[in-house]
Amino acid sequence: MLIQFYLKKFNALYFSVFFLSLLILSPFLSIFISLFGEVTEYFFIIKDRLFELYLFNTIILVVSVVFITFILGTFSAFLVSFYEFPGCRFFKWALILSFAVPSYIYGYAFTAFFENFGTAYSIVSFFHNSESVNTYIPKFNGMVGAIISLSFSLYVYVYIFSRSTFTNQSSEIIETSRIFGLSTGSFFLKVLIPLSRPAIITGLSLVAMETLSDFGTVYFFNIPTFTTAIYDSWMGFDDTTTANLLSAFLLIIILIFFTTEKFSRKKSTYYDRKLSNKNLKKNINLHGWASFFAFSFCFLLFFLSFIFPFLQMLYWSFKFPEYFLIYNFFELNLNLLKLIFLSLTLIILVSFFVNYALRILNSNFLNSVSSLSIIGYAVPGLIISIALMSFLSFTSDYFNVNLRNAFIGSITGLVLGYFLRFYSVSFLGIQSNYLKIDKKVDESSYLLGFSKFKTFRLIHLPYFKKPTLIISILLVIEIIKELPITLVMRPFNFETFATKAYSFASQDLLEATAVPSLSIIVWATIFIIFTFKFSDSDK
């Protein structure tokens with residue numbers, strides 16, 4: 001009986017999910033395995049002379065961006081969640097549009113506006129034509145530019161998580177705070193922030209991970225961080241050992257934030273989930289100066305985070321029409337559609353397969369292994385590329401099979417890189433919706449003579465139409481904006497809008513980045529609006 005039990009438990013489906021999850025984890029494990037190799041002279045140069053600089057810059061960047069995004073995200077979410085003022089309903093979704101602007105593109109726009117004889121110079125000189133105009137335009141160093149670019153691109157994480165919690169607060173909490181005579185500021189700082197701490201920490205953890213993962217922005221502003229050090233070690237000095245060592249160190253830091261985020265999300269029940277309509281808060285109507293202040297803050301945030309980079313790229317596109325001629329838009333869009341179709345097909349099929357298998361098998365061990373396989377979203381795209389190439393090299397040498405040519409510098413390898421990076425988005429989205437389907441539904445279908453596959457096809461799939469559409473849109477947005485994986489894993493002479501913009505920016509041709517950057521913003525904005533429409537996010 002015991003043997004039959006184990007044979008039933010450890011069937012082909014069980015081993016398929018186990019080895020699939022292990023295969024997804026393998027590239028990341030290969031980084032740590034490579035730590036046992038011999039270090040090079042370049043590693044000791046970094047260790048003795050540059051490591052402290054990388055660490056200092058990374059800490060300053062993360063702390064500054066987290067602090068600014070906390071203020072921008074929580075306060076804007078507070079205004080649109082608790083008050084009614086002109087434009088409030090518009091700002092609820094408009095403030096999410098900053099997600100359409102990658103931080104490296106924001107950096108291009110920011111630099112172009114404040115540089116000598118840039119856009120700011122053109123605007124000021126239109127009203128006051130003088131050679132000394134440039135002296136009145138503020139100049140920012142690379143660190144400040146990177147902090148501002150990352151903050152206005154990433155605050156949306158804090159905004160979304162904060163607003164989701166603020167919206168569900170009970171009116172009793174607000175009334176109680178008024179009885180005790182708390183001012184609006186005291187209520188926000190002493191009551192609302194502590195109550196919403198898990199959601200806010202989740203948003204800030206994602207901001208910190210994205211900041212640590214960033215490559216395009218810090219490379220553009222020439223700030224030595226761990227991601228630029230990894231890129232230089234690998235691409236500049238062909239030193240994969242040092243690149244793996246630095247990747248392992250950065251990966252450990254990111255996993256700490258990843259664990260913090262997971263822990264916070266598990267405890268994110270600081271509000272009453274069983275609120276009745278009577279207990280739901282009613283927004284306060286603002287008038288006079290209070291209304292003007294709320295509108296001004298939200299409008300300024302919306303303008304600086306989205307309208308400003310959009311207008312800058314639009315202005316350049318019309319000012320330098322000659323750059324339109326150097327783009328093959330049909331080819332760029334075809335490349336992007338090809339990547340989107342192949343990546344979505346792979347990611348969503350594997351996510352459905354693993355989640356349904358976990359539902360059938362009901363194994364705690366398998367659930368734990370599968371949970372580990374979703375760390376890709378927390379890992380920088382640059383490290384994923386290195387991990388994937390290290391794994392392919394190790395496998396090729398060990399099994400004497402040439403996998404390098406099949407994956408490195410090919411569409412297959414690029415799609416695989418996207419899969420490792422964004423698999424968690426699809427996996428968690430499908431998993432969260434599966435938790436809403438009672439397992440008694442499956443048992444009833446089995447009693448009616450439905451097979452497992454028929455249950456999945458006729459009962460589960462219809463339920464997943466809307467969630468799958470939302471997940472697909474989110475994945476498309478991420479793929480459109482992704483730079484490091486595309487830059488490293490793409491085939492020769494294969495371009496996307498992101499790599500095209502990066503290529504011109506690295507050649508100091510900022511004007512030429514306008515058209516591909518604008519294309520990214522427009523495409524991402526369209527899909528974000530679709531996401532907002534189909535997700536009923538206002539509820």
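1. Let's start with a serine pair. The side chain of S426 makes a polar contact with the side chain of S351, at 2.9 Å. Keep in mind as you look around that this is a predicted model. S426 sits in helix α20, which covers residues 411–434, and it is buried, with a relative accessible area of 0%. Leaving aside residues up to four places away in sequence, S426 touches I347, I348, S351, I471 and L475. So S351 turns up twice for S426: in the polar contact and in the list of residues touched.

2. Next, the aromatic rings. How many aromatic pairs does the count come to? It comes to 50. One of them is F15 with F19, a stacked pair with 6.1 Å from centre to centre and 20° between the planes. These two phenylalanines are 4 residues apart in helix α2 (residues 12–33), so about one helical turn separates them. Is F15 buried or exposed? Neither, quite: with a relative accessibility of 38%, F15 counts as partly exposed.

3. For another geometry, have a look at F352 and F456. Their ring centres are 5.8 Å apart and their planes stand at 75°, so this pair is edge-to-face. Here the pair links distant parts of the chain: F352 belongs to helix α16 (residues 329–361) and F456 to helix α22 (residues 452–463), with the two positions 104 residues apart. Both F352 and F456 are buried.

4. There is also a cluster to find. Which residues form it? F90, F91, W93, F295, F299, F302, F303, F306 and F310 together make up one aromatic cluster. It's worth selecting these residues in your viewer, W93 and F310 among them.

5. Two lysines lie over ring faces. K481 is over the face of F99, at 3.7 Å from the ring centre. K454 lies over the face of F450, and there the distance to the ring centre is 5.0 Å.

6. Finally, the cysteines. How many disulfides does the count come to? The count is 0. C88 is in no disulfide, and the nearest cysteine sulfur, which belongs to C298, is 7.3 Å away. A disulfide would need the sulfur atoms within 2.5 Å, so C88 and C298 don't qualify at 7.3 Å. Seen from the other side, C298 is likewise in no disulfide, and its nearest cysteine sulfur is that of C88. As for exposure, C88 has 1% relative accessibility and counts as buried, while C298, at 0%, counts as buried too.

How values were computed
Residues numbered from 1 in each chain as written. Predicted model: local features only at pLDDT ≥ 70, side-chain atom pairs only at ≥ 80, totals over all residues. Heavy atoms only, no water. Phe/Tyr/Trp six-rings, centres within 6.5 Å; stacked < 30°, edge-to-face > 60°. Buried < 20%, exposed > 50% of the residue type's maximum accessible area, 1.4 Å probe, protein only. Lys NZ or Arg CZ within 6 Å of the ring centre and 35° of its normal. Polar contact = N/O pair within 3.5 Å; in protein donor to acceptor, adjacent residues only side chain to side chain. Contact = heavy atoms within 4.5 Å.
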